[in-house]
Each structure stands twice: as structure tokens, then as C-alpha cells.
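Reader: I would like to understand how the descriptive words used for a model like this one are justified. Could you take me through the reasoning, term by term?

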Amino acid sequence: MNNSEFEIHPFNEAFYIESLLNKTRSILNDVELLNNIWKNGNHDCQYDDVILDTFQNIILNAGGISRFFWPSKNTGYYKIRAEKLREVYNMNDSNLLRDRKMRNLIEHFDENLDDFLKEFVSGIVMPKYVGPITYVDDPRIFFRAYFYDKQIFKMFNVDYEIKPIIAEIKRIHEILFLQLDNGGRFIINETS
């Protein structure tokens, strides 16, 4: 089969739906875990690692979702698949999931860690922080941080606004469930 003949056949749509659901479900389970931590007042230093690991996992899975819509090899049938999925899920190139920083953060974690440590001298880098940004009154560098008053996760000193990421994941997740109810078939979504 050549690239011009590639298409996502109706009997294969369920595999894309299930693959994306695996990622959206994982993210929403992480969001539920975080909501339980906040609701139960467990956001003290004892839970910092759990909170930061969970946000890192959300970014990891969001990057995995991004690859379905903007593949690293944007040629041939990968490109055709991505174009079809962007149409089905009503996504364009301004969608926040297209952000390569988010994808590359985790995909090239080891290299990013090397670069981060080379750029920032030990002693000025804060390994972890969970709290309000209002308590940070100096220009600190963060390895991992979550500022709950601004809903920003920071890793390698790069900010990720969590609220819009979660909103987009929820939007995709709702479409996926409609598709499951439609017998594992794509529904072209006309709204964003």
C-alpha cells in the first residue's frame, strides 16, 4: 500500500479510540488523585513528591496524546493519520497540545536533565516546591514545582498552565466516550 492509499478504515477506528482513551483516562485519574489530595488538606510537604510525580505523569500522557495529532515523523501515512484525527477531534495547529516543549520534556528527559544541570549551578536550583508562587520572592530556578495559586506546574524551569491542558483533555475524553457509544466509530466533532 502506498501512502496515498492509507486511510483509517472504520474497523480500525476503535483502536485509535482505545489508544487515546488509555491516555485521557490516565490523566483524568491523576486529576482525581490530585483533587482528593487538595480536598483532604494533604498538600503539605509530606505529599510533595506524589503531587509533583502526578503532574509530571499528566505532562507525559499529554505528550503521548499530542503525538497522535502531530507525529514526530510528519510524512506519509503518519501525516495522513494525524490530519484525519485532527479533523475528527476538531484540532488545529494552535491547539495547546501541539506544544513541542511539553512532548520533548519527557521524551528527551535525560538530555533535558543534562542541559538543565549544566546551565544552572547547584545551590541556586530548588529541587522541589509545592505551594503558592506568592511565597517565592526571589528569582529561583526550579527542577520541579507546582504553584497551586496559579495552577502552574514547572519542570526544568518551564511553565505549564495545567487548567487549559486538563480542559482540553476532558474535551477529547468526552468525544472518545461518544465514539464508544457509537460502536467504536469516529464522530466528526463540529464544535471546539
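Author: What follows is a set of questions and answers on the terms used for this model, which is a predicted one.

Reader: Before the terms themselves, what is the overall make-up of the protein, and in which pattern do its elements follow one another?

Author: The protein has six helices and four strands, and along the sequence they follow the pattern α-α-α-α-α-β-β-β-β-α. The C-alpha trace spans about 55 × 40 × 25 Å along its principal axes, and of the 192 residues, 41% are buried.

Reader: What makes the pair of phenylalanine 55 and tyrosine 146 stacked?

Author: The structure holds 15 aromatic pairs, and this is one of them. Two rings pair if their centres lie within 6.5 Å, and planes under 30 degrees apart count as stacked; here the ring centres are 4.1 Å apart and the planes stand at 20 degrees, so the pair is stacked. The pair also links distant parts of the chain, since phenylalanine 55 belongs to helix 2 (residues 48–69) and tyrosine 146 to strand 2 (residues 141–147), with their positions 91 residues apart in sequence.

Reader: How do you know whether phenylalanine 55 and tyrosine 146 are buried or exposed?

Author: A residue counts as buried when its relative accessible area is under 20%. Phenylalanine 55 has 2% relative accessibility and therefore counts as buried, and tyrosine 146, with a relative accessible area of 5%, is therefore buried as well.

Reader: Why is the pair of phenylalanine 69 and tyrosine 89 given the name edge-to-face?

Author: The rings of phenylalanine 69 and tyrosine 89 lie 5.6 Å apart, centre to centre, with 80 degrees between their planes; because planes over 60 degrees apart count as edge-to-face, the pair takes that name. Phenylalanine 69 lies in helix 2, whereas tyrosine 89 lies in the loop between helix 3 (76–88) and helix 4 (100–107), 20 residues away along the chain. Phenylalanine 69 and tyrosine 89 are both buried.

Reader: Which residues form a cluster linked by ring pairs?

Author: The cluster consists of Trp38, Phe55, Tyr146, Tyr148 and Phe153, which ring pairs link together.

Reader: What makes strand 2 mostly covered, and how does strand 2 pair with strand 1 and strand 3?

Author: Six of the seven residues of strand 2 are buried, and in that sense the strand is mostly covered. Strand 1 (residues 125–131) runs parallel to strand 2 and is joined to it by six bridges, and in one of these glycine 131 has phenylalanine 147 of strand 2 as its partner. Strand 2 and strand 3 (residues 152–155), by contrast, pair in the antiparallel sense over four bridges, with methionine 155 in strand 3 as the bridge partner of arginine 144. At least two bridges are needed for two strands to count as paired, and the six with strand 1 and the four with strand 3 meet that requirement.

Reader: What is noteworthy about phi at glutamine 151 and asparagine 157?

Author: Most residues other than glycine have a negative phi. Glutamine 151, although not a glycine, has a positive phi of about 55 degrees, and it sits in the hairpin of strand 2 and strand 3, which has four residues between the strands. Asparagine 157, in the loop between strand 3 and strand 4 (158–161), likewise has a positive phi, near 65 degrees.

Reader: Why are glutamine 151 and asparagine 157 called partly exposed, and tyrosine 135 exposed?

Author: Exposed means over 50% relative accessible area, buried means under 20%, and partly exposed lies in between. Glutamine 151 at 33% therefore counts as partly exposed, as does asparagine 157 at 25%. Tyrosine 135, which is placed in the loop between strand 1 and strand 2, has 63% relative accessibility and so counts as exposed.

Reader: How do you know that arginine 86 is buried, and with which residues is it in contact?

Author: Arginine 86, found in helix 3, has a relative accessible area of 16%, which is under 20%, and is therefore buried. Leaving aside neighbours within four places in sequence, arginine 86 is in contact with Phe69, Trp70, Met91 and Asp93.

Technical notes: Residues numbered from 1 in each chain as written. Predicted model: local features only at pLDDT ≥ 70, side-chain atom pairs only at ≥ 80, totals over all residues. Heavy atoms only, no water. Phe/Tyr/Trp six-rings, centres within 6.5 Å; stacked < 30°, edge-to-face > 60°. Helix = DSSP H or I, 4+ residues; strand = E, 2+ residues; numbered from the N terminus. Buried < 20%, exposed > 50% of the residue type's maximum accessible area, 1.4 Å probe, protein only. Contact = heavy atoms within 4.5 Å.
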